[in-house]
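Here's a quick tour of two ligand sites and a couple of spots elsewhere in the chain. Have the viewer open while you read.

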Amino acid sequence: MKISVILGTRPEIIKLSPIIRKLEKINVDWHIIHTNQHYSENMDRIFFEELNLPKPKYNLNIGSGTHGEQTGKMMIEIEKVILKENPDVVIVQGDTNTVLSGSLVASKLKIKVAHVEAGLRSYDKTMPEEINRVLTDHISDYLFAPTEEAKNNLLKEGIENNKIFVVGNTIVDATLQNLELAEKNEYINQFLKNITNGEGYFLLTLHRAENVDNKERLKNIINAITKITEIYDKDIIFPIHPRTKKRLKEFNLFEKLKNNKIKIIEPVGYLEFLILEKNAELILTDSGGIQEESCILKVPCVTLRYNTERPETLKVGSNILVGDDKNKIINAVELMLNKKRTWENPFGDGKSGERIVGILIKNLF
Ligand code: UD1
Ligand code: UDP
């Protein structure tokens, strides 16, 4: 049996790492195909190094571009590799353009598709990610849903029950495996001390297209964040996504951000980020994965969006949706800071990676 693992962005590397670790331990022919949708050192290579992952067999060097250009170029290059390797199954994870390209190419070549993190829905078709995940789910043969709720979304769309496996989310595996490594690591602890001076802080990430490509929305969020630093007299640590940095500069908002307690830093590695999350008093984000991690790490989360494909976090009470409304954001921060951190993690037991590999081996051999 041969398996192609297709990945391209930061969250895919992180969330596929538990599956890759498992594949390394068993006797099966497999390899990584990297589209290089993400390519900056701190969005890509740093994760292979920190997570001790093997180098991709193929680097397709696609990089950035418009949706059509990026997706089309990926398809052309992925097809060449898939024709050469002829795997029994390709594994894709999540909802990026890499995922759609990989799954489309494989399905057209009649190669089985395994979709990790299947069944997530924001029901907002203006998001490119929603289109990518819906289409990928409908052409997949093995749908690894993280929760029963995700499975139900798939059933409602007519996807056959026997293709769906509820396995938890591999982010739990990644978080638990790596938090322990981070906490034991002198360098990582020193990094935390240097950046926080031992003071309490909030953590911020922002990169969703609908927030950062829209000047008005980005401005609203920044105004709210600035106000929050004043109200709480606290630093907000902000590892900035390259997309966001580019837009802030384009909109002449970058300098404005620099003049207050918002500590802008370059994106950090996974161990550094986990330590920043674990020790934060509160997280503000529009990231998908960070809504999950904050829930797992029992740190309250304020999500700067109007919808989420992770409703489990809202149900258990670890997360709240606020969009870009300044007052709503400020009120939500107060509410979430007063939350008891007693919620249960709805994303599984940290054995999803093993479970997924086990199911594939059992079904394909
Ligand atoms: C992509 C995914 C998004 C995911 C995010 C994870 C799609 C449609 N979007 O968004 O779902 O949440 O990754 O972080 O697939 N850039 C760099 N260096 C890099 C990568 C990007 O400078 O290594 C800059 C470029 O200016 C690029 C911009 O960021 O144009 C956006 O990159 P792109 O991959 O298109 O989308 P993301 O916003 O990263
Ligand atoms: N992350 C990281 N360094 C950072 C910011 C985020 O390692 O500076 C990790 C984070 O722990 C999570 C993942 O990146 O696992 C989330 O990626 P992102 O927010 O870019 O994408 P999304 O989850 O929204 O698709």
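Which polar side-chain atom lies 2.7 Å from a nitrogen atom of ligand 1? That one belongs to Ser-40. Keep in mind as we go that this is a predicted model.

**Ligand 1**

Let's stay with this site for a bit. Ligand 1 is surrounded by 20 residues, and His-38, Tyr-39, Ser-40, Glu-129 and Arg-243 are the closest of them. Besides the Ser-40 pair, a polar side-chain atom of His-38 sits 2.7 Å from an oxygen atom of ligand 1. The side chain of Arg-243 also joins in, with an N or O atom 2.8 Å from an oxygen atom of ligand 1. As for cover, ligand 1 exposes 750 Å² when taken alone, and the protein buries 89% of that.

Now for the make-up of the shell. Sorted by class, the shell around ligand 1 holds 4 nonpolar, 11 polar and 5 charged residues. Two helices, α3 (67–85) and α11 (242–250), each give at least two residues to this shell, and α11 has the largest share with 3 residues. Domain 1 (2–169 + 348–364) and domain 2 (174–337) each contribute at least three residues to the shell around ligand 1.

**Ligand 2**

On to the other ligand. Around ligand 2 there are 18 residues, with Arg-208, Val-268, Ser-287, Gly-289 and Glu-293 coming nearest. Three of the polar pairs at ligand 2 are worth putting next to each other:

| Residue | Protein atom | Ligand 2 atom | Distance |
|---|---|---|---|
| Ser-287 | side-chain N or O | oxygen | 2.7 Å |
| Gly-289 | polar backbone atom | oxygen | 2.8 Å |
| Glu-293 | side-chain N or O | oxygen | 2.6 Å |

How much of ligand 2's accessible area does the protein cover? On its own ligand 2 has 540 Å², and 95% of that is covered by the protein.

By class, the shell around ligand 2 counts 9 nonpolar, 5 polar and 4 charged residues. The helices α1 (10–25), α13 (270–279) and α14 (288–297) each supply at least two residues of it. Here, too, domain 1 (2–169 + 348–364) and domain 2 (174–337) each provide at least three residues.

**Two residues to click on**

Try Leu-304 next. You'll find Leu-304 in the loop between β12 (301–303) and α15 (311–316). Is Leu-304 buried or exposed? Its relative accessibility is 0%, so Leu-304 counts as buried. Leaving out residues up to four places away in sequence, Leu-304 touches Leu-204, Leu-206, Asn-211, Ile-221, Leu-284, Thr-285, Asp-286, Val-322, Gly-323 and Ile-329.

Then there's Thr-136, which lies in helix α5 (residues 128–138). Thr-136 counts as buried because its relative accessibility is 0%. With residues up to four places away in sequence left out again, the contacts of Thr-136 are Val-92, Val-99, Leu-100, Ser-103 and His-115.

One last distance to check in the viewer: how far apart are the C-alpha atoms of Leu-304 and Asp-137? They are separated by 26 Å, and the two residues are 167 residues apart along the chain.

Technical notes: Residues are numbered from 1 along each chain as its sequence is written. Chains are lettered from A and ligands numbered from 1 in the order in which they are written. This is a predicted model: local features need pLDDT of at least 70, side-chain atom pairs count only at pLDDT 80 or more; totals for chains, interfaces and linings use all residues. Side-chain values use heavy atoms; hydrogens and water are left out. A residue is near a molecule or strand if one of its heavy atoms lies within 4 Å of it. A polar contact is a pair of N or O atoms within 3.5 Å; within protein, one must be able to donate a hydrogen and the other to accept it, and residues adjacent in sequence count only if both atoms are side-chain atoms. Accessible areas come from the Shrake-Rupley method with a 1.4 Å probe; for residues, only the protein chains shown count as cover. Helices (H or I, at least four residues) and strands (E, at least two) are DSSP runs, numbered from the N terminus. Ala, Val, Leu, Ile, Met, Phe, Trp, Tyr, Cys and Pro count as nonpolar, Asp, Glu, Lys and Arg as charged, and the others, Gly among them, as polar. Domain bounds come from an automatic or database domain assignment. Buried means under 20% relative accessible area, exposed over 50%, partly exposed in between (1.4 Å probe, protein chains only). Contact means heavy atoms within 4.5 Å.
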